[in-house]
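Let's work through a few exercises together. Have a look at the model, then try each task before reading its solution.

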Amino acid sequence: MADQHPIKKTLKKIKTGYEATRLTFTPVKKSPDERLGALFSAVQLNNIHGDGKTFVDLVPNANMRKIVKAYAVESEKPDFNLQVFIAQHFKEYTTSTEESVQDASDPEEYIYKLWDKLTRRAEKEAGSLIPLPHPYIVPGGRFQEQFYWDSFFVMLGLEAQGRHDLTDGIMSNFIHMFHRFGFIPTGNRTYFVTRSQPPYFLQMTRLIAHRKGHYRYLMSRLPYLVQEYNFWTKDTRKFLTMSLTRKRYKRLARLPDGSTLSRYYDAKATKRTSKQLSGVTQT
């Protein structure tokens, strides 16, 4: 009986490792703007939901291609109703977790209880939501994905309150993203895989290294730190050969003194939100 616990723990690690490997080699589907074409444009331009994020987070009830074909036929009918069509073919991504906290006597206790309320497990693909091997913390409300730089500040609270299980899981999810995408996207959504956020992976690594053993833990993360550095700076050599009048190129910007600075950049050319479609760029 005494050996059951370590055996179960080992089996769990094997299962998690298998799932992470499987997800790494599973192709990521295109984002809703690419897959839905005219339907996407119609929904966003008509501001059906009042929020450009709502539609791209909905989960289709059937194969996307079938929905696109159905829209092409139905939209030609004189009595076609776009809102009814969306309700018939899409549903909201819902979780059984209640986000409110009851009976918290002080702020610290409230925060501690809130962690479990905001924990999500994206084990399977759900619309634009990309699965991750470990549980993670979400901002709550309409946000059901693991965001990059938000997670650093979340991890500060988790570490302070001893929730190392969640901190380690979030870090493992980021390592998984490095393996799958070559960098850490803004979040685990298909429409986020062409952009990132301010790189906080080094700060995250330092945060955990305090309890994991500085040298050993930092060295194990060094390949990913190099990978992130290359993601932001890989076009530097080409940029430096360009005319000084060229102030920006991909994820690089030229400062007045001639030095370069990494900047926000999305490699995707298509529009994803109602604001972008109407000509107002939303970053």
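**Exercise 1: A pair from distant parts**

With a relative accessibility of 10% or 13%, would you call a residue buried or exposed? D266 counts as buried, because its relative accessibility is 13% (buried means under 20% relative accessible area, exposed over 50%, partly exposed in between, with a 1.4 Å probe and protein chains only).

Before going on, a word on the ground rules. This is a predicted model, in which local features need pLDDT of at least 70 and side-chain atom pairs count only at pLDDT 80 or more, while totals for chains, interfaces and linings use all residues. Residues are numbered from 1 along each chain as its sequence is written, and side-chain values use heavy atoms, with hydrogens and water left out.

Task: find the salt-bridge partner of D266.

Solution.
- Step 1: Recall the rule: a salt bridge is a side-chain nitrogen of Lys or Arg within 4 Å of a carboxyl oxygen of Asp or Glu.
- Step 2: R195 fits, with its closest N and O atoms 3.5 Å from those of D266.
- Step 3: Place the two: R195 is in the loop between α9 (164-181) and α10 (201-212), and D266 in the loop between β7 (260-262) and α13 (274-277), 71 residues apart. Helices (H or I, at least four residues) and strands (E, at least two) are DSSP runs, numbered from the N terminus.
- Step 4: R195 is also buried, at 10% relative accessibility.

**Exercise 2: Joining a network**

Task: describe the salt bridge between K53 and E145.

Solution.
- Step 1: The closest N and O atoms of this pair are 3.0 Å apart.
- Step 2: K53 sits in helix α4 and E145 in the loop between β4 (136-137) and α8 (148-160), so the pair ties together parts 92 residues apart in sequence.
- Step 3: Both K53 and E145 are buried.
- Step 4: Widen the view: K53, D57, E145 and R189 are linked in a network of salt bridges.

**Exercise 3: A charge without a bridge**

Task: which side chain of opposite charge is nearest to D235, and how far away is it?

Solution.
- Step 1: Locate D235 in the loop between α11 (214-233) and α12 (236-240).
- Step 2: D235 is buried yet has no salt bridge; K250 is the nearest side chain of opposite charge, 4.2 Å away. Here Lys and Arg count as positive and Asp and Glu as negative; His and the chain ends are not counted.
- Step 3: Turn to K250, which lies in the loop between β5 (248-249) and β6 (252-254). K250 has a positive phi of about 50 degrees although it is not a glycine.
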